[in-house]
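Me: I am new to this structure and would like a close look at a single part of it, explained with care. Could you take one helix and follow its contacts outward into the rest of the chain?

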Amino acid sequence: MSRLSRRRFLIMSAACAALPAVASGAPVAHWRGIALGARASLDLVGLSEAEAAPLLSSIEAELNRLEDIFSLYRSRSQISELNRSGLLQQPAPELLNVLSLCSTLHSASDGAFDPTIQPVWRAMAARASASELTAAQETVGWHRVRYDADAIQLPEPGVSALTLNGIAQGAITDRIAALLRSFGLRDVLVNMGEIAAMGQRGDGQDWRVGLAGHNNQVLKKITLRERSVATSSVAGTLLPGDHGHILNPFGPSPSNHTVSVSAPNAALADGLSTALCAVPKEWTGRILQSFPLASLELSG
């Protein structure tokens with residue numbers, strides 16, 4: 001594929017509000033699809049549909065490959081296979097990288113960030129009985145998960161399960177950003193639910209991004225360049241009983257908690273914003289001390 005001009009840039013928009021500058025009359029190529037069960041869209045500013053077609057095809061193929069690793073909505077995905085059997089042979093490098101970051105976040109948050117919470121989430125979503133919920137809670141424990149380049153193993157096959165929904169969107173955003181760099185794009189805003197900002201906007205200014213709460217209301221605007229930002233909101237999805245969807249092993253999170261974090265990459269920003277939603281607010285400063293390149297952008 002031919003390299004693209006630096007003056008051309010990409011806007012990939014989903015849940016968060018991006019505020020780009022678009023030249024009047026510039027052609028725009030569009031793509032609409034699904035990423036991890038949520039609607040996603042791409043707008044290539046400065047490219048016609050014909051010019052953008054090879055790039056869009058490559059992005060769509062990469063998204064499909066990543067869905068086959070991380071998506072709980074696909075029965076054939078690697079994480080679904082792991083949750084079904086308790087063992088995954090020859091896991092994808094992208095999955096191992098995310099699990100390694102999960103271990104770092106688990107340690108920094110004193111265990112509050114724990115991907116093995118998935119059975120509890122399923123039990124609450126299904127309005128399980130108190131005894132069923134207790135049984136699900138007893139399966140939680142990230143320290144019991146074993147993984148290396150050969151295999152990932154859960155402690156209780158058929159019972160234990162992982163969710164990476166609090167970090168995988170960021171990982172996918174990073175991967176798509178890397179793919180676009182390989183095509184020669186340098187001024188790029190990638191938003192697959194989390195945002196990675198590369199270079200500058202078409203007018204030579206840093207990217208402007210609106211940080212939105214669970215009701216899509218923009219709460220704050222920031223500028224980004226060569227940096228990523230992620231927003232997590234406990235009340236973004238409510239489980240039965242009005243419980244927020246971000247859970248930790250110790251109890252429910254406050255339902256009105258919204259956190260935005262910026263960091264050098266979207267996976268870290270995503271994981272940290274999730275972790276900070278799952279802990280008392282007074283833990284925030286201590287957790288962020290473990291990640292000196294990350295910054296708290298919004299907490300409310």
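Reply: What follows is a walk along helix α1 and then outward to the parts linked with it through salt bridges and the core.

The model is a predicted one, and every value below was computed from it. Helix α1 runs over residues 49-70, which makes 22 residues, and the distance from its first C-alpha to its last is 29 Å, close to the 32 Å expected at 1.5 Å a residue. Along the way the helix bends by about 30° at L55.

Which residues of α1 are buried? They are A52, L55, L56, I59, E62, L63, L66, E67, I69 and F70, so that L55, where the bend was found, is itself among the buried residues. As background to the spacing in such a list, an α-helix has 3.6 residues a turn, so residues three or four places apart point the same way.

Among these buried residues is E62, which has a relative accessible area of 9%, and its side chain meets that of R175 in a salt bridge, with 2.6 Å from N to O. E62 lies in helix α1 whereas R175 lies in helix α6, residues 168-182, so the pair ties together parts that are 113 residues apart in sequence. The partner R175 is partly exposed, with a relative accessible area of 30%. Nor does this pair stand alone, since E62, R65, E94 and R175 are linked in a network of salt bridges.

Another salt bridge joins the side chains of R76 and D68, at 3.2 Å from N to O. Here R76 counts as exposed at 56% relative accessibility, while D68 counts as partly exposed at 22%. Both of these pairs belong to a wider set, for a search of the whole structure finds eight salt bridges. A further one is formed by R144 and E156, whose closest N and O atoms are 3.5 Å apart. R144 lies in the loop between α5 and β6, and E156 in the loop between β7 and α6, so this pair ties together parts that are twelve residues apart in sequence.

E94, a member of the network named above, falls within helix α3, residues 93-108. The 16 residues of α3 should span 22 Å at 1.5 Å a residue, and its end C-alpha atoms are 23 Å apart, which agrees. The buried residues of α3 include L95, L99, C102 and L105, and just after this helix D110 takes a positive phi of about 55°.

The residue F70 of α1, already listed as buried, leads on to the core. The largest nonpolar core has 66 residues, and F70, L164 and L272 touch the most other members of it. A second, separate core has ten residues, including L189, I195, W207 and V229. Returning to L272, and leaving aside its neighbours within four places in sequence, this residue is in contact with L105, V261, I287, L288, F291 and A294; L105 is one of the buried residues of α3.

Two of those contacts, V261 and L288, can be followed further. L296, found in strand β18, residues 295-299, is in contact with V259, S260, V261, L276, T284 and L288 once neighbours within four places in sequence are set aside. At 36% relative accessibility, L296 counts as partly exposed. L296 and G285 are eleven residues apart in sequence, and their C-alpha atoms are 9.0 Å apart in space.

Note on methods: Residues numbered from 1 in each chain as written. Predicted model: local features only at pLDDT ≥ 70, side-chain atom pairs only at ≥ 80, totals over all residues. Heavy atoms only, no water. Helix = DSSP H or I, 4+ residues; strand = E, 2+ residues; numbered from the N terminus. Expected span 1.5 Å × (residues − 1). Bend = angle between axes of the 7 residues up to and from the residue. Buried < 20%, exposed > 50% of the residue type's maximum accessible area, 1.4 Å probe, protein only. Core = buried A, V, L, I, M, F, W, Y, C linked by side-chain atoms within 4.5 Å. Contact = heavy atoms within 4.5 Å. Salt bridge = Lys/Arg side-chain N within 4 Å of Asp/Glu carboxyl O.
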